[in-house]
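Trainee: Could we take a close look at a single part of this protein together? I would like to follow one helix and see what surrounds it.

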Amino acid sequence: MQFSPSRSAAIAQLEQFVPRAGSAYANSRNHDDGVERQNVSRLSPWLHAGVIGEAEVIAATLSQHNAAAAETFIAEVFWRIYFKGYLEQRPGIWRAYCEGRDAAFSRLESNAGRRAAYNQAVEGRTGIAAFDHWAHELVEAGYLHNHARMWFASIWIFTLKLDWELGADFFLRHLVDGDAASNTLSWRWVGGLHTKGKTYLARADNIARYTSRHPDGPLAAPGLADEAPPLDEANEHARVTLSLPDSLDGAAVSAPYALILHDEAASHVPLDLPLDRLAPPALVLCAARPDARSPKATAPEPLRFAQDAVRAGMSDAAGAYGCAAREWGAQDSLEALLADAGISHVLVPFLPTGWTRDALLPQLSALIDSKRVTIVLGGLDRASWPHAKAGFFGVKKQIDAIVRELGLG
């Protein structure tokens with residue numbers, strides 16, 4: 001399927017899936033049924049882009065299912081939130097990944113054998129039928145089932161013995177829902193770096209079982225590694241104090257102001273700006289930066305989705321607020337755009353650790369230093385991230401309380 005970047009498409013997909021978000025999802029979610037799969041939500045592209053919010057998804061789910069029936073699906077939604085909160089408290093992991101990725105690419109240039117192995121993997125020419133199928137699907141569709149992502153990463157690391165950072169980069173450049181936190185930490189989990197010593201070993205029988213309903217299945221995976229020794233790394237990535245912006249207060253925003261929409265906050269709707277206490281923005285800026293995902297080229301499908309999602313969000317917000325709209329391109333001066341509009345203050349949805357922050361922060365830093373930036377963070381992230389200190393269980397045991405606190409169901 002090709003993902004439409006509009007909010008209406010996201011809502012339509014949510015409404016189509018929600019009736020199956022209870023036991024039907026719990027019983028079938030691990031099966032990779034091919035590109036037209038109906039057993040999973042396929043909401044992640046819109047969630048990553050902030051076209052819809054996790055709170056909306058949870059509320060819609062609990063409007064049709066009780067908490068016990070929807071427990072598995074809601075936990076999956078909270079995994080996304082957990083990964084974000086975990087990486088916020090360990091930003092060194094992202095820096096180490098970027099450095100490791102760049103070093104791994106440099107090693108490819110000087111090692112013909114490793115370069116050939118890498119090219120065979122990304123081009124789907126390894127001879128492992130299941131892996132090669134997923135490599136082609138990823139490039140062509142911009143999406144993979146979550147179970148396939150785990151199998152793929154395990155084969156990449158333990159059978160093909162390629163650098164995990166190169167695999168994570170391959171995903172990030174091709175996945176429409178490519179997310180710095182979920183992608184990086186999931187690859188680390190498979191390799192035994194996230195939960196120290198715990199790895200994920202892909203097995204041919206498991207792949208065959210869970211691809212039995214695939215149009216081309218069951219997918220064969222001959223010659224897989226029979227052990228998965230955990231990877232190691234020099235740095236421990238100590239946790240830093242979580243610093244969250246204050247709750248949005250109308251008095252903290254200087255009017256007029258510009259609202260900046262970006263790759264992880266493409267729509268104004270999930271922001272739920274308190275317009276009873278806050279003037280609407282005078283300008284909406286579109287700041288799409290999908291090409292910042294990697295030093296290599298981002299694939300056409302995620303590039304298209306991200307750019308169109310933020311542009312559509314800009315148009316929708318300008319219409320909703322009755323204000324002007326402009327694109328803030330990577331080569332444009334933010335200060336100049338604001339000066340042209342007679343605006344000095346900006347309101348920015350939270351920039352999570354990762355490539356979105358890396359791309360936008362350099363020009364925002366001066367405004368932050370001069371206290372001309374107000375950062376918006378949603379209530380679900382604010383309530384959940386402090387519990388993402390270690391493993392997922394710290395967040396999972398708070399899910400019911402958080403859902404009640406925020407009135408989501």
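Which residue follows α8, and is its phi positive or negative?

Mentor: Happy to walk you through it, and please keep in mind that this is a predicted model. The residue right after α8 is Gly 142, and its phi is positive, near 75 degrees.

Let's step back into the helix itself. Helix α8 covers residues 129-141, which makes 13 residues. At 1.5 Å a residue, a helix of that length should span 18 Å, and the end C-alpha atoms of α8 are 18 Å apart, so the expected and modelled spans agree.

Now for the side that faces inward. The buried residues of α8 are Ala 130, Phe 131, Asp 132, Trp 134, Ala 135, Glu 137, Leu 138 and Ala 141. Asp 132 and Glu 137 are on that list alongside Phe 131 and Leu 138. The partners that these buried residues pack against are five helices: α7 (112-122), α9 (146-159), α10 (164-174), α12 (204-210) and α13 (300-321).

Trp 134 deserves a second look. The largest nonpolar core has 110 residues, and Trp 134 is among those with the most contacts inside it, together with Phe 78, Trp 156 and Ile 207. Helix α5 (residues 71-89) gives this core its largest share, 9 residues. There is also a second, separate core of 17 residues, which includes Leu 338, Ile 343, Val 348 and Leu 364.

Ile 207 leads us straight back to your helix. Leaving aside neighbours within four places in sequence, Ile 207 is in contact with Ala 130 and Trp 134, both of which are buried residues of α8. Its other contacts on that basis are Trp 151, Ile 155, Ala 202, Leu 219, Ala 221 and Leu 224.

While you have the backbone in view, compare Gly 142 with two residues elsewhere. Arg 42 has a positive phi of about 55 degrees although it is not a glycine. Arg 42 sits in the loop between α2 (23-28) and α3 (44-49). With a relative accessible area of 5%, under the 20% cut-off, Arg 42 is buried. Lys 371, likewise not a glycine, has a positive phi of about 60 degrees, and its place is the loop between α15 (355-369) and β5 (373-376). Lys 371 counts as exposed, at 71% relative accessibility.

One last backbone stop: the peptide bond from Gly 217 to Pro 218 is cis, with omega near -5 degrees. Pro 218 lies in the loop between α12 and β1 (257-262), and α12 is one of the helices that the buried residues of α8 pack against.

Notes. Residues are numbered from 1 along each chain as its sequence is written. This is a predicted model: local features need pLDDT of at least 70, side-chain atom pairs count only at pLDDT 80 or more; totals for chains, interfaces and linings use all residues. Side-chain values use heavy atoms; hydrogens and water are left out. Helices (H or I, at least four residues) and strands (E, at least two) are DSSP runs, numbered from the N terminus. The expected span of a helix is 1.5 Å times one less than its number of residues. Buried means under 20% relative accessible area, exposed over 50%, partly exposed in between (1.4 Å probe, protein chains only). Contact means heavy atoms within 4.5 Å. A nonpolar core is a set of buried Ala, Val, Leu, Ile, Met, Phe, Trp, Tyr and Cys residues joined through side-chain atoms within 4.5 Å.
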